[in-house]
Every structure is written in C-alpha cells, then in structure tokens.
Amino acid sequence: MSYQVFIDGSSGTTGLRIAERLAGRPELELLHISEADRKDPARRAEVINSADLAFLCLPDAASREVVPLIDSRVKVLDTSTAFRTAPGWVYGFPELHGQREKLRAANRVAVPGCHASGFIALARPLVELGLVPADYPFTCHSLTGYSGGGKKMIAEYEDSRRPALYDTPRAYGLTLHHKHLPEMQAVSGLTAPPVFCPIVDDYYSGMEVTVPLRMELLPGVTPAQVAEALADYYAGEALFTVHPLGEVPGDGMLAAGALQGTDRMELYCTASPDGSQMLLVSLFDNLGKGSSGAAVQCMNLLLGLDETAGLE
C-alpha cells in the first residue's frame, strides 16, 4: 500500500531534512505545490486534504491558520510550538511509556522541540517513576548548533561578514521565557518549569542537554538507582542508548556534535565521588531526534510502517 504525503514548508531546514528521509521510499508519494499556490492558505489546505498525511513545518501562526482547514481524516504532524500542549494533540515522543500506543491511534501529533526532547528524556522517567518529585527545582543547560535557529540564523552564522563574537558560545532566552518551557514542564509532569539556559555555538548541528541533580534533595535515592531507572525505562528502544553510571568517552569530554547526522539519542549519567551530585546528559542531533528524525519516526507509527524506516 502507498501513502500520499505532503510537506508544508518543505523549503525550511526541518522540511528539507524530512524530505531527505522520505526520498526513495516506494511506499510514499510526495505531493507538491507551486510557489504561487504555497502563499494561499486555501490552496495549501486543498493539497493537504488530498494527502493521507501532512507535515506542517511552519511558523506557529501559519500552523494555527491552516489546521482548521484540514479534514479530520488527514493525519497531521506539526513541527511548530503551536500545539505541543494543546488538547486533542498527541505529543510525538514514542519512547515515553504509553505514548507509542497513543501515536498509533492519533491523527493530530505535535512533534517535540529540540531542547525539550533532551530535557524530557531525562526528567520525565524520573518523575514518572517517583524517584524525583514533581516539585523538584530542575535546572537545565542546552548547547545547540546554529541550525536550530532556522534559515535566518544559518545565514547569519555562515555570513563571512558576521560579528566576531559569533565565534563564541552565546546564551539566549535570558528572560527565562523560552518557547519550549511549556512542553518541558507539562510533558515531564512538573509543578513548575525548569530554570532553562539555552546556548548556541559555532557549529552546524548537534545538541547536548545537561540536567544536574542534588542528591540531598532526593532522600533515599542513589546515583546508581537513577542510572538504572533510566536504563530500564529505555531498554529495548532502537533509537536510545543509556550508558552505565560513570561511563564517558576516554578523554572525559562529550562533544555536542558527536551524533550529527543521526536520529538517535544517547544518555549519560555521572556522579561526584561522594555521590552527593549527579549530572544527566542527553546527546543527539537537533535536526535528527530533535526535529526531522522525530517527525519521520512519528509518521511511521501513524501509517503503521516500520518505526525506524528512513532513519539513520
């Protein structure tokens, strides 16, 4: 059986990566639209309604504009932040317990944000399993390549006349009001959002999210229990690797770009010598498991295909 698929916003970074992952798959037929018609919401909706499934790779406002025009029979995967905590939408993170079954039955799916994916992968299992309370004062730092900022930021970083400070890491979201915070809180089951500091650096893609834990705030919980809980939670997941407690690369460093070009995620757990502190790390590609790869994974589930088909 073949399926007709439309990518609305196929010229953007996420849309292009999705198209690359779908190319050459005989069970999928990609629908297209002219540049002139692309600017007409009604015409775009007409093309979408002729598809079995549509990816919306659009700004929030554009997604909100077109979604009401889409027939309920069409399966929709939205990559913006518009619907990630909206009623009636399923959050597209299959590895969370119970989520894969919801996705198989869904027709409206919100693809997770890149920073959010890294945080939720670490925090959600620990809260769900009761090892960390919902009111724990989480903090999170997330280092991303500049492709995470889309076409505009890519152009700025690849401009030979760019400011010299672009050579250095730059923290942003300094008002603590980042657009990924609502899903980070809601999907992780927290009573308050984490204190979150995203950082962009001078490399194309790759993401490294760190979440520290103060063990004195978790009485009766040991670093070994935390590491084992994460390993058990993601056991058998094809796109996840959870490293044993303390296992890190030979030079003791984790490069944020180590998983460029892949659709996988790796989790690391380290602890201080006295066990009083832990550092949890998720490593992945912001364009892979952080966006396009996650979207294709969800598409496979929605269409009843091999979940990892077309992924790296």
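**Helix α3 and two nonpolar cores**

Okay, let's start at the beginning of helix α3: there, a side-chain oxygen of aspartate 40 comes to within 3.0 Å of the backbone nitrogen of alanine 42. Keep in mind that this is a predicted model.

Now look along α3 itself, which runs over residues 41-48. Which of its residues are buried? Arg44, Ala45, Val47 and Ile48 are. They cover an arc of only 160° around the axis, which puts them on the same side of α3. If that spacing looks odd to you, remember that an α-helix has 3.6 residues a turn, so residues three or four places apart point the same way.

And what covers those buried residues? The list includes strands β1 (3-8), β2 (28-31) and β3 (53-56), along with helices α2 (35-38) and α4 (60-66).

UniProt, in an unreviewed entry, lists residues 4-104 as "domain: Semialdehyde dehydrogenase NAD-binding". In the model, that span is 35% helix and 19% strand, and its end C-alpha atoms lie 18 Å apart.

Let's move on to the nonpolar cores. The largest has 43 residues, and among those with the most contacts inside it are Phe119, Phe138, Leu213 and Tyr234. Several elements supply at least two residues each, including α8 (181-188), β10 (207-214) and β13 (277-284). Which one gives the most? That's α6, with nine residues.

Zoom in on leucine 213 for a second. Leaving aside neighbours within four places in sequence, leucine 213 touches Leu126, Phe138, Val226 and Leu280, among others.

Last thing: there's a second, separate core of 25 residues, and Leu103, Ala106, Val109 and Leu239 are among them.

Notes
Residues numbered from 1 in each chain as written. Predicted model: local features only at pLDDT ≥ 70, side-chain atom pairs only at ≥ 80, totals over all residues. Heavy atoms only, no water. Buried < 20%, exposed > 50% of the residue type's maximum accessible area, 1.4 Å probe, protein only. Helix = DSSP H or I, 4+ residues; strand = E, 2+ residues; numbered from the N terminus. Arc of directions from axis to C-beta. Contact = heavy atoms within 4.5 Å. Polar contact = N/O pair within 3.5 Å; in protein donor to acceptor, adjacent residues only side chain to side chain. Core = buried A, V, L, I, M, F, W, Y, C linked by side-chain atoms within 4.5 Å. UniProt positions renumbered as here; feature names shortened; annotations may be inferred.
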